[in-house]
Amino acid sequence: MALSSEKPVIASEMRRERSPLSRKLDTGFVWLTGVFAISLAVILLTIAIQVGYRALPAMQEFGLGFLVTQRWDPVNDIYGALPQIYGTLVSSFIGLILALPIGLGVAIFLSEDFLPTKIQRPIVFLVELLAAIPSVVYGLWGIFVLIPILRNMGVALNGGLSWIPLFSSAPTGPGMYVAGVILAIMILPIIAAISRDALVAVPDTLRQAAYGLSATRWETILKIIMPAAFSGIVGGTMLALGRAMGETMAVTMVIGNANKIKPSLFDQGSTISSLLANQFAEADGLQISSLMYAAFVLFLITLIVNVLAELIVRRIRTKV
Amino acid sequence: MSDSQPFISRSLQRNPWAPRTLFSSSMSVISTLCAVIAVIPLFSVLYMVISKGFSRFNLDLFTQIQPAALSDGGGLLNALQGTFYTVSIATLLAVPIGVLAAVFLAEFVRDTKLARWIGFATNVLSGVPSIVAGTFVYSLLVLTTKQFSAFAGGVALAVLMLPVIVRTATEALELVPQELRQAAVGLGASRFQTVSRVVLPAALPGIITGAMLGVARAAGETAPVLFTALGSQYLSNSIWEPAATLSLRVYNFATSPYKNLQDLAWAGALLLVLMVLVANILSRLLVQRRA
């Protein structure tokens with residue numbers, strides 16, 4: 001009896017304590033945070049709409065021909081972005097080819113038990129730091145350190161292998177290949193970090209089973225662990241590709257910014273982002289709109305790559 | 001029994017010269033080399049930035065504005081001021097919005113479809129190239145107000161900071177033990193009281209860590225301020241005027257032919273790298289103390 005008469009008293013007291021106003025404020029707080037959370041998606045949409053809208057005049061003027069013509073001529077207001085699209089794809093591709101094997105090596109080195117955790121941690125920290133160095137600092141370093149080193153290597157390659165179109169011109173300093181190397185350095189931490197996550201997520205029972213069947217360490221890694229972590233590695237690589245295609249400052253500083261398509265890697269080129277970086281501040285009229293069009297193309301390409309990467313990477317994260 | 005013993009020990013011992021074992025050991029050497037190759041650029045950048053930037057690391061750097069192209073001396077005061085303006089604006093915009101959005105994701109809709117969708121949008125937003133974020137703010141603010149400004153630069157940086165803050169704050173909030181929330185609610189606290197008095201203070205080190213890393217990253221971003229803040233040779237009087245930032249000056253001076261300006265570029269790069277280093281080491285210490 002005593003128990004049952006106590007309960008309603010407490011309940012009613014609690015109800016009295018909170019006024020309707022305070023309860024409304026509480027719901028209001030939840031709504032407020034919700035609005036901010038949803039604003040993230042809204043910002044993403046607004047970027048697409050805003051940039052697309054400003055690009056409309058150029059889209060109407062040049063249509064899809066913008067993507068396949070080579071002329072960028074502010075004096076006569078004729079614009080085509082093929083060299084920049086080509087440069088974006090080629091420089092990121094070089095970056096990826098260089099960064100993927102090394103990044104994978106680092107990931108394996110830091111995920112399997114090669115090292116005691118005490119030594120592993122600082123190396124993980126160093127690789128993270130590599131990702132945190134500002135792009136413009138890499139650009140500065142690229143101009144004064146990397147270009148002189150790579151020029152010598154380029155001269156040697158051009159001397160011996162100039163019959164291969166890729167090495168057919170003499171390096172002058174800045175160029176597509178320098179941009180590719182800088183991009184490789186910048187995206188390596190992404191590939192390493194995400195591949196490492198994927199490798200660490202592979203259940204230990206698989207390793208033990210493989211070792212139990214007397215597989216060597218690398219037979220286990222190559223035949224058991226890598227296939228199990230494959231989707232994560234692919235996802236990380238695509239994320240890195242998206243980053244490479246959007247990277248601006250370091251590339252702008254070392255690629256030479258020439259508006260042309262040349263087969264040789266030692267020739268100067270440009271990317272969509274370097275075009276934007278070089279021209280936006282002084283552009284007007286149809287040129288602004290054309291730059292917006294180029295930015296919109298870059299946005300779409302990186303969006304597709306990022307969404308695909310995100311979907312793949314998400315699959316391993318939910319598995320963990 | 002007597003000859004089964006050597007048999008077992010022999011079968012567990014690999015012959016180091018067998019092709020399989022040789023392959024395995026050489027691959028191990030290769031992957032170690034990969035790690036060494038990966039950190040060489042980092043050490044090269046650190047070495048260059050310190051050795052070249054240190055010569056200009058004096059009081060002038062912080063008290064004088066940038067020199068004219070052919071003159072000597074000068075500092076980066078105007079760039080420091082611009083960086084302070086743009087990064088402050090970005091922080092003031094991104095941190096409150098980001099933390100509150102994280103509260104929604106971690107406290108009110110955790111593990112729901114909505115939370116996953118917003119998390120997805122956050123990740124995709126963080127993959128938007130910084131120069132596209134700059135283009136966006138250029139068309140949103142610069143084209144409509146017809147004015148390059150530190151404010152526009154700050155907004156562009158905020159767009160880039162926001163996903164970083166949301167992600168780290170959400171993680172920090174999710175680490176707060178469920179018992180703390182239950183205790184608060186059990187004492188009759190409202191949701192606002194639970195979040196503001198119990199959960200947020202508990203998650204504070206993690207949130208500060210995220211904000212710090214976001215600030216360091218924003219200070220180094222160049223592409224989005226290139227045509228929003230634009231740059232200025234002089235001190236600005238207000239946030240509605242064009243302003244230089246450290247990153248912009250490193251870019252401009254690095255590509256200039258004058259030695260004096262190139263030296264200043266290295267000094268500016270040293271400042272940026274120091275910022276990143278300090279933020280990373282501090283955040284590491286904060287996280288370690290909590291664990």
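Which crossing, left-handed or right-handed, does H5(A) make as H5(A) passes H11(B)? We will get there in Exercise 1, after a word on conventions.

This is a predicted model, in which local features need pLDDT of at least 70, side-chain atom pairs count only at pLDDT 80 or more, and totals for chains, interfaces and linings use all residues. Residues are numbered from 1 along each chain as its sequence is written, chains are lettered from A and ligands numbered from 1 in the order in which they are written, and side-chain values use heavy atoms, with hydrogens and water left out.

**Exercise 1. Describe how H5(A) and H11(B) pack.**

Step 1: Find the two helices. H5 covers residues 135–161 of chain A, and H11 covers residues 246–254 of chain B. Helices (H or I, at least four residues) and strands (E, at least two) are DSSP runs, numbered from the N terminus.

Step 2: Recall what to look for. Two packed helices are described by the angle between their axes and the distance between the axes.

Step 3: Read both values. The axes of H5(A) and H11(B) come within 9 Å and cross at roughly 15°. Axes are lines fitted to C-alpha atoms, for helices over the stretch in contact, and angles run from 0 to 180 degrees between N-to-C directions.

Step 4: Name the arrangement. H5(A) and H11(B) are therefore roughly parallel to each other; angles under 35 degrees count as roughly parallel, over 145 as roughly antiparallel, 65 to 115 as roughly perpendicular and the rest as oblique.

Step 5: Answer the opening question. H5(A) passes H11(B) in a left-handed crossing (left-handed if the near helix is turned anticlockwise from the far one by less than a right angle, right-handed if clockwise).

Step 6: List the contact (heavy atoms within 4.5 Å). H5(A) brings A:Val136, A:Leu140, A:Ile143 and A:Phe144, while H11(B) brings B:Ser247, B:Val250, B:Tyr251 and B:Ala254. By class, these are 7 nonpolar, 1 polar and no charged residues. Ala, Val, Leu, Ile, Met, Phe, Trp, Tyr, Cys and Pro count as nonpolar, Asp, Glu, Lys and Arg as charged, and the others, Gly among them, as polar.

**Exercise 2. Work out how H3(A) packs with H4(A) and with H6(A).**

Step 1: Start with H4(A). H3 (residues 82–111) and H4 (residues 117–132) of chain A have axes that come within 10 Å and cross at roughly 150°. H3(A) and H4(A) are therefore roughly antiparallel to each other, and their crossing is left-handed.

Step 2: Look at the side facing H4(A). A:Val106, A:Phe109 and A:Leu110 of H3(A) meet A:Gln120, A:Ile123, A:Val124 and A:Val127 of H4(A). That contact holds 6 nonpolar, 1 polar and no charged residues.

Step 3: Turn to H6(A), residues 176–200. Here the axes of H3(A) and H6(A) are 5 Å apart, at an angle of about 40°. That makes H3(A) oblique to H6(A), and H3(A) passes H6(A) in a right-handed crossing. The contact of H3(A) with H6(A) divides into 24 nonpolar, 8 polar and 1 charged residues.

**Exercise 3. Sketch the overall build of each chain.**

Step 1: Count the elements. Chain A has 11 helices and 2 strands, in the order α-α-β-β-α-α-α-α-α-α-α-α-α. The radius of gyration of chain A is 27 Å, well over the 20 Å that the globule rule gives for 320 residues, so chain A is more spread out than a compact globule. This radius is taken over C-alpha atoms, and the globule rule is 2.2 Å times the number of residues to the power 0.38.

Step 2: Do likewise for chain B, with 12 helices and 0 strands. Chain B has a radius of gyration of 26 Å, against near 19 Å for a compact globule of 291 residues.

Step 3: Add the extents along the principal axes. The C-alpha trace of chain A spans about 100 × 65 × 35 Å, and the C-alpha atoms of chain B fill a box of roughly 90 × 65 × 35 Å.

**Exercise 4. Set the UniProt annotations against the model.**

Step 1: Take the domain. UniProt, in unreviewed entries, places "domain: ABC transmembrane type-1" at residues 85–309 of chain A and residues 80–283 of chain B. UniProt positions are given in the numbering used here, feature names are shortened, and annotations may be inferred rather than shown by experiment.

Step 2: Read the model there. Residues 85–309 of chain A are 76% helix and 0% strand, with end C-alpha atoms 21 Å apart. Residues 80–283 of chain B are 79% helix and 0% strand, with end C-alpha atoms 23 Å apart.

Step 3: Check some spans that UniProt (unreviewed entry) lists as "transmembrane region", including residues 28–53 of chain A and residues 147–166 of chain B. Residues 28–53 of chain A are 100% helix, with end C-alpha atoms 34 Å apart. Residues 147–166 of chain B are 85% helix, with end C-alpha atoms 30 Å apart.
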